[in-house]
2 protein chains.
Amino acid sequence: MRADAARNLTAVLQAGAQLLAEDPGTSMAAIAAAAGVDRTTVHRRFASREALLSAVFQAKLDSAEQVLDEARLTEAPVPVALHRYLEGIIPVSRQWPVDTRHMMQKDPEASLRRQEQSARLDAFVRRTIDEGYLRAGTDAAWARAVLDGLVDTAAHKFPAMDPPRAADLVAGTFLSGLGAT
Amino acid sequence: MRADAARNLTAVLQAGAQLLAEDPGTSMAAIAAAAGVDRTTVHRRFASREALLSAVFQAKLDSAEQVLDEARLTEAPVPVALHRYLEGIIPVSRQWPVDTRHMMQKDPEASLRRQEQSARLDAFVRRTIDEGYLRAGTDAAWARAVLDGLVDTAAHKFPAMDPPRAADLVAGTFLSGLGAT
DNA sequence: GGTTACTGCAACATATATGTGGCAGTTAAT
DNA sequence: ATTAACTGCCACATATATGTTGCAGTAACC
């Protein structure tokens, strides 16, 4: 592939991610326009609309996987791993705001990757409970869902907040809540 | 309106809310099929797709408004009001899972009602802070966003959890987090 | 029982999105 | 400088969703 072609490709993926997050029904024409290329050019890169969506999801999965790796969820101390994960995943969630859950039946391969990543986080939450960082009796599924929700909130409802501060806020709220002592 | 017609109308609204929440691009034909009526019947009730969406949003706004009223957010003690609100809003969020934010430019009237309801909740969060139920220095916008996120999580990721227990869980997580003391 | 309201079905027109192919022009790589 | 890759623009075919109309049948309401 030529260098300018590669630039166009990433532009389409990034524009697509932003538009599809706001409106999953965004047309290829709208994505092409946002990326500054012709509609037929997009069709040349991606055989179908599904293929484009798959490429966007793959890009998100790639970024998320790198964050999971670098957070050292199974080895680093829980507070360290948690913070590293949050600081890394919030920018990823902002850059690729698409919801990967709605791709399950369409793209089984991506769905599998997503499940694997989800399982790694589940395991981390279990370790967090096992090592006593969460209150005894805490439901792991609830803790996991709350963590995801806080990440989404920080990432998308406070898009201007810098990742380190957002990670602090999420971790603090997750562990201690907002109530007075 | 005849009684059977009213039944069909509510069936369309409820089926539409569920389908549109999963896929905002759901066709009128799919909604009609889910509601068990013909496509043309839906078109007779709702002049356009937009009109149907507006009706769904109105139904959600009506239910939410009732919850806000009955929670007595400005008068009841904060813990009582919070719990009443949560116990009421979670079923509403389940019955009308549509996201009302994406209707802003399309339906200015509904958007205004939504803003009014949002303002009532903002005021409640401020009161919660002013009366010392949240830690001093807590960002009201963050608290509000976290509360919304927890409601969504409890409502949609734990659809089988009964509202009183879900309200307990949300309130507890909101105020105290999940961390060990 | 008769009227009215409502529905399902079929047909139709329209708009929009997807996907393909050709062709001339431009630009990166050699 | 030449070649190959890539792009934009135009035209086309196809599919699907929206919205409308007419008509016959059914069920609620008086």
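**Exercise 1. The length of a helix.** How far apart should the end C-alpha atoms of helix H7 (residues 140–157) of chain A be at 1.5 Å a residue, and what distance do they have?

*Solution.* Keep in mind throughout that this is a predicted model. The expected span of a helix is 1.5 Å times one less than its number of residues. Helix H7 of chain A has 18 residues, and so a span of 26 Å is expected. The end C-alpha atoms of this helix lie 25 Å apart, which agrees with the expectation.

**Exercise 2. The surroundings of the same helix.** Find which residues of H7(A) are buried, and name elements that cover them.

*Solution.* A residue is buried if 20 or more other C-beta atoms lie within 10 Å of its own. In H7(A) the buried residues include A:Trp142, A:Ala143, A:Ala145, A:Val146 and A:Leu147, and further along the helix A:Gly149, A:Leu150, A:Val151, A:Thr153, A:Ala154 and A:Ala155 are buried as well. Next, look for what covers them: from chain A the cover includes helix H5 (78–95), helix H6 (108–130) and helix H8 (163–176), while from chain B it includes helix H7 (140–157) and helix H8 (163–176).

**Exercise 3. The build of chain A.** Describe the elements and the domains of chain A.

*Solution.* Begin with the elements: chain A has eight helices and zero strands, and along the sequence its pattern reads α-α-α-α-α-α-α-α. The C-alpha atoms of the chain fill a box of roughly 60 × 30 × 30 Å along the principal axes, and 33% of its 181 residues count as buried.

Then turn to the domains, which are domain 1 (1–45) and domain 2 (57–176). Their C-alpha centres are 27 Å apart, and the contact between them involves five residues of domain 1 and four residues of domain 2. On the domain 1 side of this contact there are four nonpolar residues, one polar residue and no charged residues.

**Exercise 4. Two copies.** Work out how chain B is related to chain A, and which parts of chain B touch chain A.

*Solution.* A turn of 180° with a shift of 0.0 Å along the axis lays chain B on chain A with an RMSD of 0.0 Å. The two copies are therefore related as by a two-fold rotation axis. Within chain B, the C-alpha nearest this axis belongs to B:Gly177 and is 1.8 Å from it. The two copies use the same surface, since 100% of the contact residues of chain B recur in chain A.

Now examine the contact itself, in which 25 residues of chain B meet 25 residues of chain A. H7 and H8 of chain B each give at least two residues to this side, and the largest share, nine residues, comes from H7(B). Sorted by class, the chain B side has 13 nonpolar, nine polar and three charged residues.

One residue shows the contact in detail: B:Ala180, in the segment after H8 of chain B, touches A:Gly132, A:Tyr133, A:Leu134 and A:Arg135, leaving aside neighbours within four places in sequence. It counts as partly exposed because it has 14 C-beta neighbours inside 10 Å.

**Exercise 5. The DNA strands.** Which residues come nearest to DNA strand C, and which are closest to DNA strand D?

*Solution.* Of the 20 residues around DNA strand C, the nearest are A:Ser27, A:Met28, A:Ser48, B:Asp38 and B:Thr41. Helices H1 (3–22), H2 (28–35) and H3 (39–45) of chain A, with H1 (3–22) and H3 (39–45) of chain B, each give two or more residues to this surface. The largest share, three residues, comes from H3(B).

Around DNA strand D there are 21 residues, and the closest are A:Asp38, A:Thr41, B:Ser27, B:Met28 and B:Ser48. Here the elements that give two or more residues are H1 and H3 of chain A, together with H1, H2 (28–35) and H3 of chain B.

Finally, compare the classes: the surface near strand C has seven nonpolar, seven polar and six charged residues, whereas the surface near strand D has seven nonpolar, seven polar and seven charged residues.

How values were computed. Residues numbered from 1 in each chain as written. Chains lettered and ligands numbered in written order. Predicted model: local features only at pLDDT ≥ 70, side-chain atom pairs only at ≥ 80, totals over all residues. Least-squares fit on C-alpha atoms with pLDDT ≥ 70 in both. Contact = placed C-beta atoms within 7 Å. Near = placed C-beta within 6 Å. Helix = DSSP H or I, 4+ residues; strand = E, 2+ residues; numbered from the N terminus. Nonpolar A, V, L, I, M, F, W, Y, C, P; charged D, E, K, R; others polar. Buried ≥ 20, exposed ≤ 12 C-beta atoms within 10 Å, placed from the backbone. Domains from an automatic or database assignment.
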